[in-house]
Amino acid sequence: MSVIGASPAVGLFCVPRSPPRDIHRFRMAVRSSAVSVAPIFTKLKHECATPLPLLRHVADAMAADMRAGLAVDGGSDLKMILSYVDSLPTGYVCIYVYMYVSSGIGVPCHFDPNSLGGKQERVIDTEFEQVSIPQELMFGTSEDLFDFIASGLDKFARKEGGKFYLPSGRKREIGFTFSFPVRQTSIDSGILIKWTKGFAVSGTAGRDVVACLNEAMERQGLDMRVSALVNDTVGTLAGARYWDDDVMVAVILGTGTNACYVERTDTIAKLQGHDSSSGRTIINTEWGAFSNGLPLTVFDREMDDASINPGEQIFEKTISGMYLGEIVRRVLLKIAEAGTFGDSIPEKLSTPFVLRTPDISAMQQDNSDDLKAVGSILYDITGVESNLSARKIVIEVCDTIVKRGSRLAGAGIVGILQKMEEDSQGLIFGKRTVVAMDGGLYEHYPQYRRYLQDAVTELLGLEISKNIRFILLQNRQGKTRLAKYYVPLEDSEKHKVEYEVHRLVVNRDPKFTNFVEFRTHKVIYRRYAGLFFSLCVDITDNELAYLECIHLFVEILDHFFSNVCELDLVFNFHKVYLILDEFILAGELQETSKKAIIERMGELEKLE
Ligand code: BGC
């Protein structure tokens, strides 16, 4: 499986520095009673931990909620909205101007309506412009907002300078990408269910957003009409298909978050009277509303209580760009009360949403010894003065919150893939599947991206990796003398694996074969005096080849330690790992010639 960044990019997080409600003006407060930082921090780390079993639970719950949401409207937190996009572009685009509305971003661009050329030629030109939606319009009336969008479109269309002519009498067709939950009634109509991401525009919820835009365009005298309404995830999936036919899922991780995927229509029980010639349709999951089994803290709960949509969009509030900075700010305020930043608490630190996700990302990129950039960002934005140890704590807090969010996002992706695979075996696992990723958070926060990808690999690793998963060398008493894992596992999971493998091989009757099933894989083991060498491989792999591989390893050890014994391994563990790396790398057998390995080890020894 590969995870790609879809094009085009959708810009940075545009989060207002100070959203509504919850805006209090604090004077410089003096902390009342000193509390120690350590327990606050330990508790935070503990509550935000996302070990593999928790991620598995989240992935399973995501898959189960998807099913429930497909069965009946309101069946789960996930709305599982029909997109009415049943076939993905294969060479003809009728979208002329692409309008994207997100938290303050408008991105119109041109697509060629006629080109049937290769993938590179399908889009003859794109013009791209971002228009920030003024903050007051986020809380104003529906008319004002849509008038603003229509006038932006008008200005944009005027700039094209006659490059794109349409036959007279034909209105320009607009694809309208609307990044809020909409109950679609057809490809060109949909009712806004509710606003998210801090928007609270009056008079739009319950209305057809296409009608809202068409009316605004009429008011402005524009010769355009909306011919397709899509969620931004659906736009990402369709766009990514231009470049790669294996795209099956699209995920947005920006100010808000969401995912869509290609679903078989026969698995959608709530689908009535909607025919799809392809037998497939894109489902907009609206996964931001997911809430099952998430590891939440008091900081999340308090942020949710103070939000304009309490109790809603809990997944979004835990993993997306609009909220990560705010959660960190709430934690910093708490540790400021414990005296981490001196005796007083700056007023700015008490201002909701003053610390934004791009700020915490910038702090996490500071690799200097004195964390100078962290110090100045903290001071400029929150008024906090810090010494080195305080800055280190701040970085740890950012990392904890970002790691939790990104790993949960990874688990969500695996949940979707799992659901697709369960319905059509072989559709996802065992072949290339591409997840198109978009959104500023994913694009501009390297740690977020890395943690997310790690979580996906951890969850799928055991499923998709075909090679050696781990090799263990254990004595009869269960002491592990060497452990090399080629799939990422949490420490607690490794302990479990070692315990289980030891019990399995030590207690097995010597009359039985040296191959034994282990979870969804198999272990090939061999005993040499009091030591057990165990390899975990795929169920279909050739057992004899791996038995030979173990024996080769022992022969090389013998060569180096002249009749190897357990103590040699204990005292020369670094050499043992070196030898192992010479013939197994990244779970793949590299070399089977004893002579070649011994020669190479000789070369390495000369270098020492
Ligand atoms: C909205 C989704 C949207 C996502 C990403 C969420 O708040 O509910 O419709 O796709 O943000 O923009």
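Colleague: What makes β17-β16-β20-β19-β18 an open sheet, and which strands stand at its edges?

Modeller: In this predicted model, five strands follow that order with antiparallel pairing. β17 (480–485) and β18 (515–518) each have a single partner strand, so one side of each is left without a neighbour in the sheet. From one strand to the next, the twist averages 20°.

Colleague: How do you know that β19 and β20 are paired?

Modeller: Pairing requires at least two bridges between two strands, and seven bridges join β19 (residues 521–528) to β20 (residues 531–537), therefore the two count as paired; they run antiparallel. R526 stands opposite F533 in β20.

Colleague: Which helices lie on this sheet, and at what angles?

Modeller: Helix α16 (residues 491–506) lies across β16 (470–475), β17, β18, β19 and β20, and runs at about 60° to β16. Helix α19 (residues 573–583) also packs on the sheet, where it touches β16 and β17, and its direction makes about 35° with that of β17.

Colleague: Turning to the ligand, why is the approach of the T196 side chain called a polar contact?

Modeller: The cut-off is a pair of N or O atoms within 3.5 Å, and an oxygen atom of the ligand is 2.7 Å from an N or O atom in the side chain of T196, so the pair qualifies. By that criterion K197 qualifies too, because an N or O atom of its side chain is 2.9 Å from a ligand oxygen. For D232, a polar side-chain atom lies 2.5 Å from an oxygen atom of the ligand. Taken alone the ligand exposes 310 Å², of which the protein buries 99%.

Colleague: How many residues surround the ligand, and of which classes?

Modeller: There are 14 residues around the ligand, with T196, N231, D232, E286 and E316 the closest; by class, the shell has three nonpolar, seven polar and four charged residues.

Methods: Residues numbered from 1 in each chain as written. Predicted model: local features only at pLDDT ≥ 70, side-chain atom pairs only at ≥ 80, totals over all residues. Heavy atoms only, no water. Near = heavy atom within 4 Å. Polar contact = N/O pair within 3.5 Å; in protein donor to acceptor, adjacent residues only side chain to side chain. Areas by Shrake-Rupley, 256 points an atom, 1.4 Å probe, with all protein chains shown as cover. Nonpolar A, V, L, I, M, F, W, Y, C, P; charged D, E, K, R; others polar. Helix = DSSP H or I, 4+ residues; strand = E, 2+ residues; numbered from the N terminus. Axes fitted to C-alpha atoms, helices over the stretch in contact; angles between N-to-C directions. Contact = heavy atoms within 4.5 Å.
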